[in-house]
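Student: I have a model open and want to go through its strands, then the core. Can we start with the turns?
Tutor: Fine, put it up.

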Amino acid sequence: MGDFVTSGFHHITMVARDAQQTVDFYRDRLGVPIVKRTVNFDDPDAYHLYFGHESGAPGTILTFFEWPHASRGQFGIGGIHHLALSVETVEAQLMWKRWLNDAGTPTTGPYDRGWFSSLYFRDPDGQILEIATAGPGYSLDEPPDALGEREIEPAVERTHGHRDEAAIAALTHPEPVDAMTDAMTLTGIHHISGITTDLERANEFYSAALGLRLVKRTVNQDDGSMRHHFWAHYDGQNVAARSSLTLFEWLDDGKHARGGYGQTHHIAFRASSEDEQLAWRDHLISLGLDVTTVQDRKYFKSIYFRAPDGLLLEIATDSPGFTLDEDPADLGTDLQLPAWLEDRRDEIAARLTPLR
Ligand SMILES: [Fe+2]
Ligand SMILES: [Fe+2]
């Protein structure tokens, strides 16, 4: 491991067909506030919407490009299978199940994964989402100072074919949930799970490029023939929240991911400062990676590169953040543009569908 260690996720960017549909789902059904309405700086005719908690704190940020003419994406090698958001307790997770089901969003689970409990559903574009509990955590089945050191065989009663699917499906909050409660707040990215053909190569890459460390080596509890490894910001004692990347291993002849709506476009990790980002860029280049120049995204600075299996990655700075051009109480209310697009504001605004 080198000196370059990300503290975790900055944001995840997905592709949506319809901006209003995305707002209705993420803001109104999942309760994640909009923190910025802007456009794709590389394609100003398209919305770029940012959602997040705590005024858009890194690790809580979900962003969407609206591409109405995109075809449907498909998960596969080099892509993201699902995005998991955190909830504090199993009780709150059951409230989510009741709330989503009563609103017409079907769910699967909750499954007891041991380290956390998982409830699955899809957004209106088909992106697979999960609500995962914060605990009990990765030290459930190995010592906290020795995570990822040995292969962990999942408890048989948690695996596909051995669990009581009918009981799991029937389990829900006993009363209707009339309104989202504070306890239900989705506090950020719990983990992001992708697909690769080579976990050993992935381990070399993620440790060298981002300083992430292997914290769990196991198999997919839904398909015991598939290896499943977890990485995170891990100091040898604690695993940071909002930092877990997991990868399923598919055979090399499996299908590659196809970009499009309902799929992740890229995932971004944190750099603490612009100076650190510049040094990090040199470090990535020294590893033989193709890295873009620093891009000014107004709310942060970005560099982009790809994982060996093709996944697009970004390193984004924590600053200046989303309160740069709006007060915390007004985040996401008006269309915001970078200075270099301000003289085209009327033309750009006229092409965008107004959002409620
Ligand atoms: Fe997951
Ligand atoms: Fe990004």
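Student: Which residue in the turn of the S15 and S16 hairpin has a positive phi?
Tutor: Lys298, at about 70 degrees. Keep in mind that this is a predicted model. The hairpin has four residues between S15 and S16.

Student: How do S15 and S16 pair, parallel or antiparallel?
Tutor: Antiparallel, over two bridges. Asp296 stands opposite Lys301 in S16.

Student: And S16 with S17, how many bridges?
Tutor: Five, and the two strands run antiparallel. Arg306 stands opposite Leu312 in S17. That hairpin has five residues between its strands, and Gly310 takes a positive phi near 110 degrees.

Student: What sheet do these belong to, and what is the strand order?
Tutor: An open sheet of eight strands, ordered S2-S3-S4-S1-S14-S17-S16-S15. The pairing is mixed.

Student: Which strands stand at the edges?
Tutor: S2 (34-40) and S15 (295-296). Each has a single partner strand, so one side of each is left without a neighbour in the sheet.

Student: You said mixed. How do S1 and S4 run, parallel or antiparallel?
Tutor: Parallel: six bridges join S1 (residues 9-16) to S4 (residues 61-66). Ala16 of the pair has Glu66 in S4 as its bridge partner.

Student: Which strands does H5 lie across?
Tutor: H5, residues 274-286, lies across S14 (264-271), S16 (301-306) and S17 (312-317). The helix runs at about 20 degrees to S16.

Student: Back to hairpins. What about S6 and S7, how many residues are between them?
Tutor: Four, and Gly114 in the turn has a positive phi of about 90 degrees. The strands, residues 108-112 and 117-122, run antiparallel and are joined by three bridges. Thr108 has Tyr120 in S7 as its bridge partner.

Student: Switching to the core. How many residues are in the largest nonpolar one, and which touch the most other members?
Tutor: There are 83 residues in it. Ile12, Leu83, Trp96, Ile192, Tyr206 and Val215 touch the most other members. As background, nonpolar side chains tend to be buried together in soluble globular proteins.

Student: Take Val215. What is it in contact with, leaving aside neighbours within four places in sequence?
Tutor: Val215 is in contact with Tyr138, Leu147, Gly148, Phe230, Trp231, Ala232, Tyr234 and Val239.

Notes: Residues are numbered from 1 along each chain as its sequence is written. Chains are lettered from A and ligands numbered from 1 in the order in which they are written. This is a predicted model: local features need pLDDT of at least 70, side-chain atom pairs count only at pLDDT 80 or more; totals for chains, interfaces and linings use all residues. A nonpolar core is a set of buried Ala, Val, Leu, Ile, Met, Phe, Trp, Tyr and Cys residues joined through C-beta atoms within 7 Å. A residue is buried if 20 or more other C-beta atoms lie within 10 Å of its own, exposed if 12 or fewer, and partly exposed in between; C-beta atoms are placed from the backbone. Two residues are in contact if their C-beta atoms, placed from the backbone, lie within 7 Å. Two strands pair if DSSP finds at least two bridges between them. Axes are lines fitted to C-alpha atoms, for helices over the stretch in contact, and angles run from 0 to 180 degrees between N-to-C directions.
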